[in-house]
Amino acid sequence: MGRNILATAALAILPLVNAQQPGTLTPEVHPQLPTWKCTTSSGCVQQDTSVVLDWNYRWFHTASGTSCTTSSGLNRTLCPDEATCAQNCVVEGVDYTSSGIATSGSTLTMRQYVKGSNGQTNSVSPRAYLLGSDGNYVMLKLLGQELSFDVDLSTLPCGENAALYLGEMDRTGGRNPYNTGGANYGSGYCDAQCPVQTWNNGTLNTNGQGSCCNEMDILEANARANAFTPHPCANGSCDKGGCGFNPYNRGYTNYYGPGLTLDTSKPFTVITRFITNDGTTSGSLSQIQRVYVQNGKTIPSAAPGGDIISASACSSAASFGGLAGMGQALGRGMVLTFSIWNDASGYMNWLDAGSNGPCSDTEGNPTNILANYPDTHVVFSNIRWGDIGSTVNVPGGGVSSSSSSSTRPSSTTTTLRTSTRPVSTTTVTKITTTTSAASQATQTHWGQCGGQQWTGPTACAPPYACKTQNPWYAQCL
């Protein structure tokens, strides 16, 4: 009888050592972050969603508490291969507050720096994903749809990057017999920079393979500069530079920043529309359109024809599938990712310095950020996705002429990323504008020319004609 009791006790702890099971020292409690899925016919329905911290930010250790990682990476004695590592090591839950993540209602706050119990300030650079109630990632299918959210970037100086983006990760996080936590523990990260990680799609990466996948950067920003950029992939390689839209880089230097047309000293709403050639959710992605709302008003676009990335503007990415390839990934479904980070090597100059922003080439040094902006953080809230025109009420459709004093447009250029990333309501607030967008005599190719509540140009520049895509949107084609 005594032997049977001992055997039962041994079996009770066996899961801790026979697979990459979750540990028990720190419970994994996901911060709740309700989001909304919307349609033009039925409005917005709240989703039971939360956020989960990335797998690579966690403690891996043996059942006795010995770390499975060293200062140089994974302990190869404990983890020479996947099966052995799974036997020896468990993955632990995390304290989200000390990891720089907090939620309240539909608001997510992410901090660059957190003060530890010893009084020392740590740079935590959290990265997290939108998780469903089933323990898998929420797969946003945004082809022919739109995504909107509110953001406060007011405390982010030069060199910081608050990012909200999509990656074509596996919905389970690569869950397998050796990694039973999967998405529930934030595994499976990939992006178009093809990072070489210790784990690739939840599996121990013993051959140095890059974790490549389609990436759509909805927002990469601080208070001084921003960009949105598609990064399609094909045949195991990706368009790492992307064909992005950065207002400053396009010549609209007085558009984005504290006190400017889009005033980053205050919160604003970001709407990104993925418009297809036939207005359906199965057509070919023809353009990505950006709209901003602030203080209940549609903010004029930086570019006269609208802040748009067109298929022709991404012709340099043809070998990676171009904008159409990006659209195919959006149609299959992508994982929503949130992060805040800075860059000790390049100081984020690719985003906010030189031709890309007003920052000097040394302002983004993390040492400078820590000394002068230790409270730097980003606030994302009210995340909504669904039919175009369904997530936020924007009379005028959002494509409008710029009122910025800088009028020098430039041709599409590559936004090159040279380094990798290391109290709200429970119902959707419809934002109604009180001023309409400025009209033009004619609309340009791919521009909006009609739809419910549209007050802009309805005639298209020759030889294009205005064609209705849905009740909310007509386009010059």
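Here are three short exercises on salt bridges and one helix in this predicted model.

**Exercise 1.** Work out which parts of the chain the D54–R127 salt bridge ties together.

*Solution.* Start with the contact: the side chains of D54 and R127 come to 3.2 Å, N to O, and the cut-off for a salt bridge is within 4 Å. Next, place the two ends. D54 sits in the loop between β3 (49-53) and β4 (60-61), while R127 belongs to strand β12 (residues 127-132), so the pair ties together parts that are 73 residues apart in sequence. Now check burial, with under 20% relative accessible area as the limit: D54 is at 0% and R127 at 4%, so both count as buried.

**Exercise 2.** Take the two salt bridges that involve strand β14, E146–R273 and D150–R384, and say where each partner lies.

*Solution.* Begin with E146: its closest N and O atoms with R273 are 3.0 Å apart. R273 is in strand β24 (residues 268-276), so this pair ties together parts 127 residues apart. Both E146 and R273 are buried. Then move along to D150, which meets R384 at 3.9 Å, N to O. R384 lies in strand β29 (residues 377-387), 234 residues apart from D150. D150 has a relative accessible area of 15% and R384 has 2%; both are buried. For the whole model, the salt-bridge count comes to 7.

**Exercise 3.** Which residues of helix α3 (residues 322-332) are buried, and what follows the helix?

*Solution.* First, list the buried ones: G322, L323, G325, M326, G327, A329 and L330. Then step past the end of α3 to G333, whose phi is positive, near 120°.

Terms used:
Residues numbered from 1 in each chain as written. Predicted model: local features only at pLDDT ≥ 70, side-chain atom pairs only at ≥ 80, totals over all residues. Heavy atoms only, no water. Buried < 20%, exposed > 50% of the residue type's maximum accessible area, 1.4 Å probe, protein only. Helix = DSSP H or I, 4+ residues; strand = E, 2+ residues; numbered from the N terminus.
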